[in-house]
Amino acid sequence: MQTPHHAAKHPAPAILTVTLNPAVDVATSVERLVESHKMRCTHAQRDPGGGGINVARVIGRLSGNAGNASDCVALYLAGGATGQMLRELLDAEHVAGVCIDIADETRENFSVRETSTGREYRFVLPGPTVTAREWQACADYLASLDPAPRYLVLSGSLPPGLPADAWAQLAKAAKARDTRVVVDTSGPALAAALDAGVYLVKPSLGELRTLTGRPLAAEPEWREAAQQLVREGRAQMVALTLGERGALLVTQDRTLSAAALDVPVSSSIGAGDSFLGAMVWALNRQAGLDDAFRYALAAASATLLTSGTRLCSAEEVERMAAEMVKREASVR
Ligand SMILES: Nc1ncnc2c1ncn2[C@@H]1O[C@H](COP(=O)(O)OP(=O)(O)OP(=O)(O)O)[C@@H](O)[C@H]1O
Ligand SMILES: [Mg+2]
């Protein structure tokens with residue numbers, strides 16, 4: 001693991017992900033949820049979590065991890081014993097990380113799968129309070145990278161203490177250095193980032209509804225709302241993910257649409273992050289739009305197969321992407 005003061009020894013990665021409110025994700029299962037009684041859960045599975053961290057984990061897997069660690073680095077804020085655990089979990093997965101230390105304790109998120117129904121319950125904590133000085137250290141680190149990364153992925157929620165335009169501030173600074181800014185967040189943080197104008201945004205349908213304040217009931221409206229973001233210059237590319245209904249990819253010239261793959265869903269945690277990770281990984285490798293979109297769908301689907309906070313394997317992503325090519329060829 002790198003720390004900021006050692007960072008000068010390392011070349012700037014092609015892709016840098018930022019996670020301001022990471023977590024240690026704890027996943028377990030229980031037969032049935034009942035009130036008051038002790039519910040005996042299965043062994044807890046712990047994974048490093050938070051949007052940008054998951055994106056970096058997926059990119060690491062797709063690029064064969066350790067082999068080319070400088071391809072993608074995860075920058076994150078972490079503190080306390082949980083922060084230490086987060087660092088160790090990332091190290092164990094050979095994910096290259098740069099940690100900005102904070103005084104408050106990193107959060108743990110908790111998910112429980114009810115095996116009798118297959119339902120999944122996710123308990124998400126607000127996260128530690130970040131001070132102005134800690135936030136500044138993060139912005140300074142980004143500004144100090146030379147050359148600037150090609151892609152900057154700003155993903156996940158904002159922790160307490162940061163202004164709603166925290167992502168927008170990073171986006172503006174990065175844009176001024178010709179970095180392609182990628183955003184996946186929600187609510188006011190998403191609206192502010194789009195006001196700054198980004199390269200790629202990946203809202204889910206719920207996030208797009210909140211953003212537009214419109215019900216967006218059916219496909220033509222989803223398409224139109226995504227196209228409007230591009231027309232208004234708020235994003236050059238919009239990847240709108242639609243859960244079990246698949247996804248749309250909209251640019252100035254093209255609108256691609258894909259149904260979701262029919263896979264047995266074990267857990268949908270991390271599907272959106274896997275989608276985005278694969279998309280950015282492919283774009284960074286100069287893939288065309290169709291290929292990048294296909295990899296994104298393949299990675300999201302491959303993550304659905306894995307339990308709890310586990311993410312896709314590179315083999316499964318390649319297998320599913322190849323399967324999609326075969327299917328497309330047979331319908332032509
Ligand atoms: N139930 C499902 N069946 C098939 N594919 C799914 C399912 N849920 C998710 N996916 C796949 O994962 C992708 C991302 O999922 P989704 O649209 O739910 O985004 P998300 O970012 O995980 O959602 P959110 O951030 O709102 O929790 C979808 O585009 C789709 O390809
Ligand atoms: Mg999401």
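The chain exposes about 14,800 Å² of surface, and carbon and sulfur atoms supply 51% of that area. The model behind this value is predicted. Of the 332 residues in the chain, 54% are buried. The charges of the chain number 33 positive and 37 negative, and the mean positions of the two sets are 2 Å apart.

The overall dimensions come next. Taken along the principal axes, the C-alpha atoms fill a box of roughly 55 × 55 × 40 Å. A compact globule of 332 residues would have a radius of gyration near 20 Å, and because the chain has 19 Å, its value agrees with that expectation. The secondary structure consists of ten helices and 13 strands. Among contacts with a separation of 6 or more, 67% join residues that are 24 or more positions apart.

The interior can be described through its nonpolar cores. In soluble globular proteins, nonpolar side chains tend to be buried together. Here the largest nonpolar core has 59 residues, and the members that touch the most other members are Leu200, Phe275, Met279 and Val280. Helix 9, residues 289-304, gives this core its largest share, eleven residues. A second, separate core has 51 residues, including Leu20, Trp135, Cys138 and Leu205.

Leucine 200 shows how such a core member is surrounded. Not counting residues up to four places away in sequence, leucine 200 touches Val181, Val182 and Val183, as well as Met237 and Ala239. The list of residues touched by leucine 200 also includes Leu276, Met279, Val280 and Leu283.

Several glycines can be followed from the start of the chain onward. Glycine 52 belongs to helix 1, which covers residues 51-62. Its relative accessible area is 0%, and it counts as buried because the cut-off for that class is under 20%. Leaving aside neighbours within four places in sequence, glycine 52 is in contact with Thr17, Val18, Thr19 and Ser155. Tryptophan 222 is 170 residues from glycine 52 in sequence, and the C-alpha atoms of the two are 25 Å apart in space.

Glycine 127 sits in the loop that runs between strand 7 (119-123) and helix 3 (132-144). With residues up to four places away in sequence not counted, glycine 127 touches Asn21, Arg107 and Pro160. For proline 160, which is 33 residues away along the chain, the C-alpha separation from glycine 127 is 6.8 Å.

Glycine 270 is in the loop between strand 13 (255-258) and helix 8 (271-284). This residue has a relative accessible area of 10%, so it is buried. Beyond its neighbours within four places in sequence, glycine 270 is in contact with Thr303 and Leu311. From C-alpha to C-alpha, glycine 270 and leucine 297 are 12 Å apart in space, and they are 27 residues apart in sequence.

The backbone has some features to look for in the loops. Where is the cis peptide bond that involves proline 147? That bond runs from aspartate 146 to proline 147, with omega near 0 degrees. Proline 147 is placed in the loop between helix 3 and strand 8 (151-155).

Positive phi values appear at two residues that are not glycine, histidine 94 and aspartate 178. For histidine 94, phi is near 60 degrees, and the residue lies in the loop between helix 2 (80-92) and strand 5 (97-101). For aspartate 178, phi is about 65 degrees. Aspartate 178 is found in the loop between helix 4 (166-175) and strand 9 (180-184). Is aspartate 178 buried or exposed? Its relative accessible area is 71%, so aspartate 178 is exposed.

Arginine 231 is another exposed residue, with a relative accessible area of 55%. The class applies because exposed means over 50%. Arginine 231 is found in helix 7, which spans residues 219-231. Between arginine 231 and threonine 251 there are 9.1 Å from C-alpha to C-alpha, with the two residues 20 apart in sequence.

Key. Residues numbered from 1 in each chain as written. Chains lettered and ligands numbered in written order. Predicted model: local features only at pLDDT ≥ 70, side-chain atom pairs only at ≥ 80, totals over all residues. Heavy atoms only, no water. Helix = DSSP H or I, 4+ residues; strand = E, 2+ residues; numbered from the N terminus. Rg over C-alpha atoms; globule rule 2.2 N^0.38 Å. Buried < 20%, exposed > 50% of the residue type's maximum accessible area, 1.4 Å probe, protein only. Contact = heavy atoms within 4.5 Å. Areas by Shrake-Rupley, 256 points an atom, 1.4 Å probe, with all protein chains shown as cover. Lys, Arg positive; Asp, Glu negative; His and termini not counted. Charge placed at Lys NZ, Arg CZ, Asp CG, Glu CD. Core = buried A, V, L, I, M, F, W, Y, C linked by side-chain atoms within 4.5 Å.
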